[in-house]
Amino acid sequence: RFPVQQPDAPPAPERLWREIVGEELHRERAARGERLKDVAERAGVSVQYLSEVERGLKDPSSEMLQAIAGALDLSVRRLAVRAGRPDALALAA
């Protein structure tokens, strides 16, 4: 069931892009059965940084995003398409 929003209630805030992208990175890593440590090593980032990106706490630069996506065999373009698809946004809402 979906929560019923009162007509006079303000709309729920839209999810931040970094949160949606982080969830997609996490989803891909989990689907591949990979550990944070392994992906972080290939991307050249710390485990803590990758964890924070996946949780939507860090807003990575385009270079960092390219390194992380590349460590998962994704292009930044493909990651953006996957993060921007309507079902991903519905899941993230």
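Colleague: Which residue forms a salt bridge with Glu24, and how far apart are the closest N and O atoms?

Modeller: This is a predicted model, and in it Glu24 is placed three residues from its partner in helix α1, so that about one helical turn separates the two. Glu24 counts as buried, at 1% relative accessibility, whereas the partner is partly exposed, with a relative accessible area of 32%. The residue that pairs with Glu24 is Arg27, and the closest N and O atoms are 2.5 Å apart.

Colleague: Which residue forms a salt bridge with Arg82, and at what separation of the closest N and O atoms?

Modeller: The partner of Arg82 is Glu28, with the closest N and O atoms 2.7 Å apart. Because Arg82 lies in helix α5 and Glu28 in helix α1, the pair ties together parts that are 54 residues apart in sequence. Both Arg82 and Glu28 are buried, and the separation asked for, between the closest N and O atoms of Arg82 and Glu28, is 2.7 Å.

Colleague: Which residues do salt bridges that share partners join into one network?

Modeller: The structure holds twelve salt bridges, and one of them links Arg32 with Glu34, the closest N and O atoms being 2.8 Å apart. In that pair Arg32 is partly exposed, at 33% relative accessibility, while Glu34 is buried, with a relative accessible area of 17%. The residues joined into one network through shared salt-bridge partners are Glu24, Arg27, Glu28, Arg82 and Arg85.

Colleague: Which elements are included in what covers the buried residues of α4?

Modeller: The buried residues in α4 are Leu65, Ile68, Ala69 and Ala71. Seen down the axis of α4, these buried residues fall within an arc of 160 degrees, so they line one face of the helix. On the other side of α4, Ser62, Glu63 and Gln66 are exposed. The cover over the buried residues of α4 includes α1 (17-31), α2 (36-43), α3 (47-54) and α5.

Colleague: Where does Asp73 lie, and what is the value of its phi?

Modeller: Asp73 follows α4 and has its place in the loop between α4 (62-71) and α5 (76-84). With 61% relative accessibility, Asp73 is above the 50% cut-off, and therefore counts as exposed. Although Asp73 is a residue other than glycine, its phi is positive, near 60 degrees.

Key:
Residues numbered from 1 in each chain as written. Predicted model: local features only at pLDDT ≥ 70, side-chain atom pairs only at ≥ 80, totals over all residues. Heavy atoms only, no water. Helix = DSSP H or I, 4+ residues; strand = E, 2+ residues; numbered from the N terminus. Buried < 20%, exposed > 50% of the residue type's maximum accessible area, 1.4 Å probe, protein only. Arc of directions from axis to C-beta. Contact = heavy atoms within 4.5 Å. Salt bridge = Lys/Arg side-chain N within 4 Å of Asp/Glu carboxyl O.
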